[in-house]
Amino acid sequence: RVSEDSGFAGALWQAYATTLPFSLAPGDGAHTVYAQFRDYDGNVSAVASDSASVDTVPPTGSLVINSGALSTTSTAVTLDISASDDASGIAAYALSSDNVSWSAWTPTSGSESIPFSLPDGDGTKTVFVALRDNAGNESLPLGEAIDLDTAGAASDCAISINSSAGYTNTRNVILDLYAPGGTTTIEISNDGGFVGASWEPFVTHHAWTLGDPNGQIVTKLVYVRFQGASACSSTVSDDIVIDQTPPTVVAPAAPTVVMGPDATAPQAGLGALLPILAPGRGAIGLATVKTTTLNTRAYDQTGGSGVAQMQLSTSATFAGAIWQPYKTSVAWPYDTRAKVTVYRRYMDAAGNVSGRFAKTLASPRSPTVPTQVAPIPGAAAQSRRPTFSWLALAGASSYQLQVSRSSTFSTLLVSVKTTARSYRPSRNLVAGTVYWRVRKWGGIWSPAWKTSVPGLEVPSGLTPSSGSTLSTRSPLLQWAAVAGASAYVVQISPNASLLTGVVTREVAGASIELPPLAANATYAWRVRARFGATYGPWSASSLLVTPNLERVPLLGPATGATLPLGGVLDWGDVTGAAQYQLQVCSAASCATPLLDTNRTESAYRPTGLASGTWWWRVRAVGSDAATGAWSLTWSFIK
């Protein structure tokens, strides 16, 4: 008889054999097996025993690149591997740069610092390590990412705020840092004495918050110093002007200063008093159609960044309007038979947006033609399949839209009847200038509006959706692939106007993972396709709002795995977290958690759970009680 109980409780005598299959009790660790023998006369031998260690749990460990740096200027990096195994002991590791092709298994005692070469090409690089113990158990691959930016390599140290921009309208900026290879840590401060600053891993792009301007137009400085084998000994700095005052159409007090490209001396107050300067006959031969020159002159405060862009639309919400370079006047065709109000607003070079200004061009009692909304007259469309839209006309149940290469509409590219107030062609339009008009079905045509169609397609389907609050400060930006594109250029800026602080990156695929951005801040981004040496138009900009706290990464056990006896639920630390809220639930929805507790440590050993499947999730809690997004919800078997 054979048993793991020295008293042989429940063990049965069985026929003698020289080898015998035997199932050990569940659980890793040392197991002792006892045996007794009986002959045909009934004599029983003394108890024999032997011990063996069982190990079914893979090893655990961590991987750190360049001491935790977020970016590097060189493909040559150092990997610090730490591994352990509670039972049979750690045996070896293997490395990969793509999680597909792996190196041979290399023996290890559990702690290694080794050189590694990243794949060529700037961008986010991920290195993977797999661990094996002496029992043959292999861990799931552990991945660690670093941003390769060879453009940041320099023989000396330097800093640039918002790509050397002169102005910003937000305290959140991006620092471009340049340093020799071997630089490992940096210290950043708004104070030249570095009061309260701390050393952190070197990065080539660093999100930073300037000092409070207290509502004034002021110059702010940022100071940086470096450490490392080849680091610079001197402190470097850069400055930028914070301008948070938007432009206006009211001329400033003496001395009169007109900002922007059209710096001619204005007549005092004309921007507010005489919006229409030169009405005249239109080009399509109808006496009711006029073309007006709108006075779009605007002003920025003395010492400000200057008027840079403007938006015009017949929609009070500026639906479909695009920002275009600032001009002091614009030609605008309209029909006196429709109620036409043109709205305009301005943006200065720091990104401040003015209030809305309006001028009514025509206001008949009974309008007979629709009013154009988008694209605005003369503006470039942002797609080869632009959406044409217009305001509703009283009594209209359907509309007719025509698009042509000719202002006389002698040949048509589009002629469609629709009940909607917008239409997007089913196929790309020819590149170049096109004219479009719309009418109530069977009614009178609107004026002919002109727009230009780009020769190349614009990326669409940008995600995350504009204005959404992210669950991570290192978001993955994605967009729909454009047929024929060889690469994509992405721009991101802490300035919603994308006028200052722009970081530009080129990627081969239709996505990019950003390095960590500032917490609780708003960024704008856009993308365009490259076709060989030719670039397509920019997409419309999209806004991102970063969280105050990162989403917590779950570490183990892997979802769906069995929780070992005495095992723990383990998760990664999050910067800024004072504690972590843990929920253990009987359902994946976690609507009614069985356990809901706050922990200061980043691990928890569950007790008292019944056998079965359980789900768990964690989120970070700041010292101000602010919470981050919930982690993924993983399951484990008890």
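**Exercise 1. Place C590 and describe its surroundings.**

C590 is found in the loop between β45 (577-585) and β46 (595-599). Strands here are DSSP runs of E, at least two residues long, and are numbered from the N terminus. The model is predicted: local features need pLDDT of at least 70, side-chain atom pairs count only at pLDDT 80 or more, and totals for chains, interfaces and linings use all residues. Residues are numbered from 1 along each chain as its sequence is written, and side-chain values use heavy atoms, with hydrogens and water left out.

Step 1. Is C590 buried or exposed? C590 is buried, because its relative accessible area is 4%. Buried means under 20% relative accessible area, exposed means over 50%, and partly exposed lies in between (1.4 Å probe, protein chains only).

Step 2. List the contacts. Leaving aside neighbours within four places in sequence, C590 is in contact with Q583, C585 and R617. Contact means heavy atoms within 4.5 Å.

Step 3. Check a distance. The C-alpha atoms of C590 and K125 are separated by 35 Å. Along the chain, these two residues are 465 residues apart.

**Exercise 2. Work out the setting of H31.**

Step 1. Find the element. H31 is found in strand β2 (residues 29-35).

Step 2. Judge the burial. H31 counts as buried because its relative accessible area is 8%.

Step 3. Look for a polar partner. The side chains of H31 and E4 make a polar contact at 3.0 Å. Such a contact is a pair of N or O atoms within 3.5 Å; within protein, one must be able to donate a hydrogen and the other to accept it, and residues adjacent in sequence count only if both atoms are side-chain atoms.

Step 4. Add the other neighbours. Not counting residues up to four places away in sequence, H31 touches E4, L24, A25, P26, D50, S51, A52 and V54.

**Exercise 3. Trace the partners of β41.**

Step 1. Take the parallel partner. Strand β34 (residues 468-469) runs parallel to strand β41 (residues 542-545), and two bridges join them. Strands pair if DSSP finds at least two bridges between them. T469 stands opposite V545 in β41.

Step 2. Take the antiparallel partner. Strand β39 (residues 522-531) is joined to β41 by four bridges. Y523 stands opposite L544 in β41.

**Exercise 4. Inspect the backbone at four loop residues.**

Step 1. Which peptide bond leading to P375 is cis? The bond from A374 to P375 is cis, with omega near -5 degrees. P375 lies in the loop between β27 (372-374) and β28 (388-390).

Step 2. Turn to P464. The peptide bond from T463 to P464 is cis, with omega near 5 degrees. P464 sits in the loop between β33 (449-453) and β34.

Step 3. Read phi at F8. Phi of F8 is near 60 degrees, a positive value in a residue other than glycine. F8 is in the loop between β1 (2-3) and β2. With a relative accessible area of 5%, F8 is buried.

Step 4. Read phi at F194. Phi of F194 is near 60 degrees, again positive in a residue other than glycine. The loop between β15 (183-189) and β16 (200-201) holds F194. F194 counts as buried, at 5% relative accessibility.
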